[in-house]
Amino acid sequence: MNVVIIGASGYSGAELASLVANHPNLTLTGCYVSEGSLDKNKLLSDLYPEHLGLLDNPLLPLSASAFDDIQSDADYVCLCTDHKVSVDLAPQFLAMGKKVFDLSGGYRLASNDDYVTYYGFEHQHPALLNEAAYGLAEWNHDAIANAKLIAVAGCYPTAALNALKPLKQAGLLSEQSIIINAVSGVTGAGRKASVGTHFCEVSLAPYGLFNHRHGPEIEQHLGHKVLFTPHLGNFPRGILETIYVQLKPGVTKEDVASAYQVLANEPLIRLLGDKIPSIKGVAKQPFVDIGWQQQGTQLIVISAIDNLLKGAAGQALQCINISMNLEHTTGLKGAF
């Protein structure tokens, strides 16, 4: 399949370009940025010198002629763009008959009201929200395989949902809200310069208290109330979540371990049991590491991912593999 990437100059876009370029069943046919981008006509390897010789692809402006080229040359379109930009672009590529993988949050939530509340804009294509398949790869295989629009799951929700859905599915959760304390590396904030993500300014600090857009995404796809607090950490990449769960009375350690067996055969999930996951263990790896410890009805679950891989580009490629009926791990294991 021929793949084009819109927004290829960003961290997730460049990561995905590298994965596609190395994939045995994919061809990277175009890397695009907005017409107003300062990066247009540069080589991707100029921005990311670690890819010199592999990604010497020009960053082409997304002009009218670019749309013509995409229509004639591409099978899959990957949107690594701002949420509002993805909302506008996805219908145009769907109308061309392309399969669209959106790495933004433009199609993850259920209604326009959610977008007004949590994203701050009116969704211009609310009918498509019902057509988009949620790209949480281990849990939504058939929908991902059959849909034309894939809303690749958010980074924080990927770590949280893989850690919690086995417990929800097994009926082990009490009605009490789940507390998710999460920290992400600064690449999660994107490549655009700002004081808050400047090297000398970054500290460990919470943000988005009570209103972060990933809170409702987790609740929607878990079916359980959560209190989600993200933090920005002073490290480049990775997400670590410490999740506090109140279990129903009488739930045993054996019940919890049994619940997680639903993920035991998933090749990109690593169940660590009572061992503690770490950022170091997942950085530049496509895995979710999940560990847990229990005292009585109190369960603490720790989930770790690389925010640019399993949290973005790696999961997008996993969704592409599903669409092509390939092994989930194709082009991912051993890619870095």
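**Exercise 1.** Which helices and strands do the buried residues of α8 pack against?

Solution. The model is a predicted one.
- Step 1. Locate the helix: α8 covers residues 214-222.
- Step 2. List its buried residues. They are His-214, Gly-215, Pro-216, Glu-217, Ile-218, His-221 and Leu-222.
- Step 3. Look for their partners. The buried residues of α8 pack against three strands and two helices named here: β6 (133-135), β8 (178-184), β10 (226-232), α5 (112-118) and α7 (155-169).
- Step 4. Judge the burial. Because 7 of the 9 residues of α8 are buried, the helix is largely enclosed by the rest of the structure.
- Step 5. Check what comes next: Gly-223 follows α8 and has a positive phi, near 75 degrees.

**Exercise 2.** Describe the packing of α1 against α11.

Solution.
- Step 1. Take the geometry. The axes of α1 and α11 lie 9 Å apart, at an angle of about 40 degrees, and the crossing is right-handed.
- Step 2. Name the residues. From α1 come Ser-12, Glu-15, Leu-16, Leu-19 and Val-20, and they meet Leu-309, Ala-312, Ala-313, Gly-314, Ala-316 and Leu-317 of α11.
- Step 3. Sort this contact by class: 8 residues are nonpolar, 2 polar and 1 charged.

**Exercise 3.** Which residues touch the most other members of the largest nonpolar core, and which elements each supply at least two of its residues?

Solution.
- Step 1. The core has 39 residues, and Ile-5, Leu-16, Leu-44, Ile-150 and Leu-317 touch the most other members.
- Step 2. At least two residues each come from the strands β1 (2-6), β2 (27-33), β4 (76-79) and β7 (149-152), and from the helices α1 (11-22), α2 (44-47) and α11 (309-323). The largest share, 8 residues, belongs to α11.
- Step 3. Follow one member outward. Beyond its neighbours within four places in sequence, Leu-16 is in contact with Ile-5, Cys-78, Cys-80, Leu-103, Ala-313, Ala-316 and Leu-317.
- Step 4. Apart from this core lies another, of 36 residues, including Tyr-156, Val-226, Val-245 and Val-256.
- Step 5. Set this in context: in soluble globular proteins, nonpolar side chains tend to be buried together.

**Exercise 4.** Is Ser-86 buried or exposed, and what does its side chain join in a polar contact?

Solution.
- Step 1. Place the residue: Ser-86 belongs to helix α4 (residues 83-95).
- Step 2. Its relative accessible area is 0%, so Ser-86 is buried.
- Step 3. The side chains of Ser-86 and Thr-81 are joined by a polar contact of 2.6 Å.
- Step 4. With neighbours within four places in sequence set aside, the contacts of Ser-86 are Leu-79, Thr-81, Pro-91, Asp-102, Ser-104 and Tyr-107.

Note on methods. Residues numbered from 1 in each chain as written. Predicted model: local features only at pLDDT ≥ 70, side-chain atom pairs only at ≥ 80, totals over all residues. Heavy atoms only, no water. Helix = DSSP H or I, 4+ residues; strand = E, 2+ residues; numbered from the N terminus. Buried < 20%, exposed > 50% of the residue type's maximum accessible area, 1.4 Å probe, protein only. Polar contact = N/O pair within 3.5 Å; in protein donor to acceptor, adjacent residues only side chain to side chain. Contact = heavy atoms within 4.5 Å. Core = buried A, V, L, I, M, F, W, Y, C linked by side-chain atoms within 4.5 Å. Axes fitted to C-alpha atoms, helices over the stretch in contact; angles between N-to-C directions. Left-handed = near helix turned anticlockwise from the far one by under 90°. Nonpolar A, V, L, I, M, F, W, Y, C, P; charged D, E, K, R; others polar.
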